[in-house]
Structures are given as structure tokens and as C-alpha cells.
2 protein chains.
Amino acid sequence: MKTILLLGAGKSSNVLLDYLETNASNYDWQISVGDIDLDSLKSKIADKPHFKGFLLNLDDSENTKSYIQKADIVISMLPAILHISIAKYCVEFSKNLITPSYISDEMMALSEEVKFKGLIFMNELGLDPGIDHMSAMEIFDRLRAEGAEIKSFKSYCGGLVAKECDDNPWNYKFSWNPRNVILAGQGKGGIKYQENNHLKYIPYYNLFKRVEPVVMSGIGTYEGYPNRDSLKYKLVYGLNQIETMLRGTIREKGYCKGWDIVVEMGLTDDTYIVENVKGKTYNDFFEMFMPRDTLNMMGGMTDNLLEKFFFLGFDDHESLIEKDGSPAAILQSIMEKKMGLKPGDRDLILMQHQIEYTKENKRYKIISDLVLEGKDETDTAMASTVGLPIGIMCKMILEGIFKTPGVQYPIAKEVYEPMLEELVGFGVVFKEQVEVVK
Amino acid sequence: MKTILLLGAGKSSNVLLDYLETNASNYDWQISVGDIDLDSLKSKIADKPHFKGFLLNLDDSENTKSYIQKADIVISMLPAILHISIAKYCVEFSKNLITPSYISDEMMALSEEVKFKGLIFMNELGLDPGIDHMSAMEIFDRLRAEGAEIKSFKSYCGGLVAKECDDNPWNYKFSWNPRNVILAGQGKGGIKYQENNHLKYIPYYNLFKRVEPVVMSGIGTYEGYPNRDSLKYKLVYGLNQIETMLRGTIREKGYCKGWDIVVEMGLTDDTYIVENVKGKTYNDFFEMFMPRDTLNMMGGMTDNLLEKFFFLGFDDHESLIEKDGSPAAILQSIMEKKMGLKPGDRDLILMQHQIEYTKENKRYKIISDLVLEGKDETDTAMASTVGLPIGIMCKMILEGIFKTPGVQYPIAKEVYEPMLEELVGFGVVFKEQVEVVK
């Protein structure tokens, strides 16, 4: 019998729980799962006989360590900032570790020790980062094997809402951490990407103005804005000689124009607390950020744009702000009330790689699309694409299918090949088109 | 004989040095002055028999302390961040202190101790903050004595260049710290002010769009943008019940429109280092920040605006960036080469208070203007308006004219009355107009 320790059973763990339960008998797994909300956890695992739940108290490091000591492998679905302390315990007790999150510098710093102990610390194993790495590497490796040279890589991904469940003027609902949506693009340093061998910087406050159309064949035209650092995977992907590299986020058409105004007003600022806003109306709050020429600003808006702002409550003189916070935190509390998935709502995942390459003096472009809808508001496409790669990786490590030690990304052929194959069974299917570039 | 210890003898100390020398015989002063640049200091005090210069080494605290111990009063013209350590020594050795800078929280925290020891720590004693405090308080106190109620206070100040010496398309030259000009408006938290009893926030990146005309009677129309925190002097000035309060910066017409584009491009970001920019051309640097639709952007510009950017070197394929740095640091290095005061250039200080008040059921508006030109590129109006209040305050304390202890702003009548009176002799004259507000 193998023991899997799962830390954190929030929204994005739903599908992972199902996957582990489904495979538990077959592979003789016992899953120990800890969360800070024991009641919610109990209801989630009530129908899962291979699970044992416990109250996770990270302040009690001895308790946390005792669970890690007893496990064969640890999966951390905790907030990204907490992975490192878990990782250090995993080094101490020689346990393998899986996380869906970006590799932090601190995590990478454990690399030598992890290799020395023969451990696997697999990270960035969700949708984006995760499925994007694997599906892109599959294409890169295939093209390179054919003698092609990769010239341009643009990759976009977005978590949206299915057309039939889209009933708000932003054409968006939260299928993952709302805070990350509000703060998208923020952080120290500019947003950078590479275009025709030129490094390009964009300041945060212009990000939502610098949008490119993303055409999803047979589905529609969306818009994409660049992620913060498109360049950090140049080396990881082996694309040192590439001319253009951009990773971006997909939104419905019109979203970025609306969000740009939200940003321009200063509503996404998370660096200070708004004075005396608790108990004021939504309108009072928004008024604080309205420019003097609000009427002009509003007058210049299309109906579609105006609708977005009335939907948020720009003219709501009744609803009250419930607690003090930064502009971003208050905006988030308002948006969460209006833009959560409702019962029966299905989310929608879109991903597109645009890869240009040369082969035998001709230039080609591959467009590879992923379209995946969720089943309902709990069994979301987001929870699938984050949870399934984690579950499959867990199986691959426990079964000895993947053995390479180190702190790593899922970019090796021995990872992505079996992974992408199993994911097809869950509807994660990329459709590829190739065209000649004139 | 009284000993004055002056720490720091940079650009803004020039007029102060002259003032102290001129008064030294009369009042029996000896001035000990320390600077990190001993050669430059020596040349500055060569013709000043009452001065003794020394090499200031702040790392050697024993040395610094020994000078403070021997002084009757200490003037710190060091960078603002260094005042606090000097202030602590002044508490230790019971010495009075004068600085031109904003009172930091750490400085204010010394208040009780300073009062207990009967010391005077006078701060914010330059142009802005400084002369603005004093000239505004003089009007407030006068109006309040007449039974008026102050309803609105807008105050603008700017360091510009005299019309005859204005030979660049930005209509601006550096008469004080260039870094502060580049980073103007940045910092944690939004920019806030109050308008008709409503608190208003502006995000940094919209600051230079929210400009108001500032009409200087007989001189011309300028533009003003709000400073970061207009509200922190509400209590200090006793304006708790005021409806509108805004403190701002004056620039020549058109400057803000140009600077807004500089900000929009991300050129004022000081949070990261631009990659591999040393040795590249000015054009290479600017290109990194150009949006994809640069030609459109440029196409939409007036000639006047275009000229500003060509002046900065947007199309300069020859001049090279000399060292790596943040976008803001590189922009500063470029602008310093092009926008410094040339030999013979005279700077120009403008200040305007707009005060609305009610008296006997009528509403009035006072407009109070200060216009002051420098003599040349060293004897600047900026150095006068920063140095003279410091010098005069020093005299007032040494002569026992001002005795109130504490960490303080120059807002008491016993400070501003003699100070403004003496400043008139140096051309610091406010012209006042009153009109009835309909």
C-alpha cells in the first residue's frame, strides 16, 4: 500500500480528489488529505473510502511533519507561497513532491539537495503553467526531430465561461482565484516579451491596451494580452535563438477595453487602504476614482462598455461596502458577488499555441488549439486541467514510470508523452492546423 | 561666538552659504561645513573667511558626533533620508536642528524627547515645503482673525526656467534634484485630494492627464497637477472643515501632455533594471518601450509634442547609453545631458495659492502669486528659496527670536512673520488679488 499526502482541498482540488479515489483500489493507494476547513473537507471525502481527512494546522510544524513522514509522496495544493516550507520537510524526510505552481527561486535553490537524495520535485503541473508546457514541448521536440528551426512562439491561455452560461456584460466568470484576476499583470518590473529579436517592455497600466486577436477556429475570435514575463521559458524550452516569444492570457472580445478603464481609474491598486469606505455605497466607492470629466468619459463609451460599468455597480446607491481594504480588495469583493459561477454554470478553457518555424527554406505556422468545457460549477474544466496532471504525475511517480530526480518542470518527453496521452481520455485534445507563411 | 554646523553643501546650499557669510561678522558666527566632496567644498568657501570646511564621512559616526558636539546649531542639507541619524545625535547632545525636508514619521517620533530637552527641530523650511506653508498660514490666520471661514485651498508651486532662457521643447530645465522630477507622483498609494467634500484618488499613471490651468496674472497660463497627498496638511493648517484641498505642481503648458506619454510608455519605471541596454543607442532604448502602433501614436501627435520626443532622442541612432539601470535612471541620464541649466541660464519659481472663504454670507477668492527669477545657473531662485529660509531661521534661533521647542513645521505666526518680512528684501514677494465668487 502507498500513502499519498494531499495538502489543501480547495476548489481546484475537486477533480484531483475524484481521480485519486477512482485509481486508489487499482493501485492500492491510501490518501491522507489535510485542509484548514475540516467540515468542508469531510463533506468532500464522505463518498471516498480511500481518503482520510485531517485538520491541517501549518503553525504546528511537528504535526505537519508527522504526516509528511508517513507519506510516500506529497502533493501540495496550498497557496503557492506555502510550498517552500513543505518542500523543505520533503527534503528532510526524503519524500517526492508535486505542486501546480511556478518554481520559486527558493524552490529552485533546493535543486542540488533534491537530486542528491534522488527525489522528484515536480512543479508547474496544472493548466498554465502545466499543460501549456507539455503540449508546446511535444510540438517543439517533434519539429526539431524533423530538422525544423523554431522562429516564433506565441501561446495564449484563458479560463472563461461557456457561451450558454455567459450572462454578464464582461463575458467572464471566476473559475479560479479571483485575486489573481484582479491583480493580473501587476508586480515589480515591467511586462516583457520579444518581438522580431527586439526585447519589448509594457508598463502594467498599458497592458490591456496592447491586445492581439486570438482566433479559435470554429469557436470565435478572442483577445490576448501578454503575461508578465514571456521570456523566462526561452532557455527552459531550448528556444535561445527564437525571434518572437510571447505568452499571454485570453479574454472575450471587449473585456480588455473595459478592464483597461478599471485599471486607468486606479481600481486595481493593492498598495494602500481606501480611507473610511466601509459602509459607503458602491457608487460612493467608484466615485472616488472617477476623473473630473466622468461624464465625458462615460459619454465616449459604447453601450457595451457602459453596461460593464453599470453591472459592477457604478450607479448603485444601495449596496454597501462590507469592509475596508485596498481598491483591489474592494473591487474583488464586489466582483465576486456578481461574477461567480452559478449552479449549473460551465466554465471554458481555451489554449492556443502559434508556432512559426522554418524547414527546408520554407516558413510554416502551426496553430494548436485546446477547447475544454467544464461539467458544472464544481466539476470545472479549470479543476480538471489543474487536478488531472497532478493526479497522473502522482501515479507515474508511484508506479515508477517517471524516475528522473530534481526540482523540475514537466518538459521531458518521458513526462509529457504518457501524460498527454492519458489526458486525451478526459477530453484534453489539441487540434492542430499547419499553414505556409508567405 | 556661536558655531553653526552645516552638513551638506550641494547645489541648493549656494545661497545659504552666502547668507551665512554675510551675517557672520555682525552676529559673531563661525560656520563649520562638511561635505563628501572636499575639493568642491573648498572652492565654494575659499572667499568665505567665517567658514571652515571638513570632509564629511557619515560612516564614521564618532567623527560626525564630534562636530555636532561642538556646534550651537546644526543645519542638515543632506539627502532627506539621512536627517534622522543627525537628528538622533542632536537629541543626544541637546542641539537645535534645521532641515528643509518633509518631517518623516521617525523624525516626528522624536517630538516628546525634543520638547522635554527644550530643543527646536525646525523642518520643511525651503520653498515647497516651506515658503508655501508660511505664506498660506499668513493668509489663513489673517482671514480667520477677520471672522472668515476657509472653504477651499488650492496651492501650486513649480521650479521652471525663465522665458528668455527657455530653449527646449519641454519648456523645462532642472533646477533641483532630477530624480525627483522623473519619479514625480510615484510611491505606494494613490494620489489623493479633496474636492467638494469628496475624497478623490488618482492612479499615478493618470496624474499627468488630470491637469488644471494655473493662470499667473501678467505672466501667462501654466498647468498644475496634484501632488501625492494633498490632505496631510488639513490638520496642520487647521482646515478640518474645508471642502476642497489640493496641492499641486506647476509646469509649462504642454509639458504634462508630453510627460504623460513618457509615463504611458513605462519610461519612468524605477522597479527593475533594463536588460543589456548599456552601449545601445538612445533609439534602441526608446524602441523597447514603443507600442506596436508607434507610427499611429506618433502620427496622432502635434508637431509640438513630436518635437519633445525627438529632443529626448527617440530617433537618435548615435548617442549611447552609458550604464545599465532602471528605465527611470536611464531616462534621467539622458535628460540631464539635455535639460540642465546652461551658464547664464536663470531659473523661475512660480507659486500660487487659491483660497476661497466666506465672510458675512459672501464668498470670496484670494489669489496670491509668487514669481521669482534666479540670477544665473548657480545663484538660482531655487537655491534662494530653499537656502534663505534656512539661514533666516538659523539667525532667529541663535538670536533667541524664536524659542518654541519641538519637532515642527514653520507655521506659527512668530516664525512666518519675521521670516516673510526678511524674505521680501530678497525679492520673495507675494501679490494678492481678491474677487467675489458668484
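Let us start inside chain B of this predicted model, where the side chains of His353(B) and Ser155(B) make a polar contact at 3.0 Å. The histidine has a second partner of this kind: the side chain of Ser135(B) makes a polar contact with the side chain of His353(B) at 2.8 Å.

Where does His353(B) sit? You will find His353(B) in strand E13 of chain B, which covers residues 347–359. The relative accessibility of His353(B) is 0%, and because buried means under 20%, this residue counts as buried. To see what surrounds His353(B), leave aside residues up to four places away in sequence; among the residues it touches are then Asp132(B), Ala136(B), Ile139(B), Phe153(B) and Lys154(B). Further along the chain, Ile366(B), Ile367(B), Ser368(B) and Phe430(B) also touch His353(B).

Now step back and look at both chains together. How are chain A and chain B related? A turn of 180°, with a shift of 0.0 Å along the axis, lays chain A on chain B with an RMSD of 0.0 Å. The two copies are therefore related as by a two-fold rotation axis. If you would like a landmark for that axis, go to Tyr205(A): its C-alpha is the nearest to the axis in chain A, at 3.5 Å.

Next comes the place where the chains meet. Here 34 residues of chain A are in contact with 34 residues of chain B. Of the interface residues of chain A, 100% are also interface residues in chain B, so the copies meet through the same surface. Between them the two chains bury about 2,900 Å², and carbon and sulfur atoms account for 45% of that area.

What links the two chains across this interface? The rule finds 14 residue pairs in polar contact between chain A and chain B, with both residues at pLDDT 80 or more. On the side of chain A that touches chain B, the elements giving two or more residues are strand E8 (191–195), strand E9 (198–202) and helix H10 (255–265) of chain A. The residues on this side of chain A comprise 16 nonpolar, six polar and twelve charged ones.

Charged partners appear across the interface too, where the rule finds two salt bridges between chain A and chain B. One salt bridge to look for joins the side chains of Lys192(B) and Glu275(A), with 2.2 Å from N to O.

Notes. Residues are numbered from 1 along each chain as its sequence is written. Chains are lettered from A and ligands numbered from 1 in the order in which they are written. This is a predicted model: local features need pLDDT of at least 70, side-chain atom pairs count only at pLDDT 80 or more; totals for chains, interfaces and linings use all residues. Side-chain values use heavy atoms; hydrogens and water are left out. Contact means heavy atoms within 4.5 Å. Buried area is the accessible area (1.4 Å probe) that two parts lose on being put together, summed over both. A salt bridge is a side-chain nitrogen of Lys or Arg within 4 Å of a carboxyl oxygen of Asp or Glu. A polar contact is a pair of N or O atoms within 3.5 Å; within protein, one must be able to donate a hydrogen and the other to accept it, and residues adjacent in sequence count only if both atoms are side-chain atoms. Helices (H or I, at least four residues) and strands (E, at least two) are DSSP runs, numbered from the N terminus. Ala, Val, Leu, Ile, Met, Phe, Trp, Tyr, Cys and Pro count as nonpolar, Asp, Glu, Lys and Arg as charged, and the others, Gly among them, as polar. Buried means under 20% relative accessible area, exposed over 50%, partly exposed in between (1.4 Å probe, protein chains only). Copies are superposed by least squares on the C-alpha atoms of residues with pLDDT of at least 70 in both.
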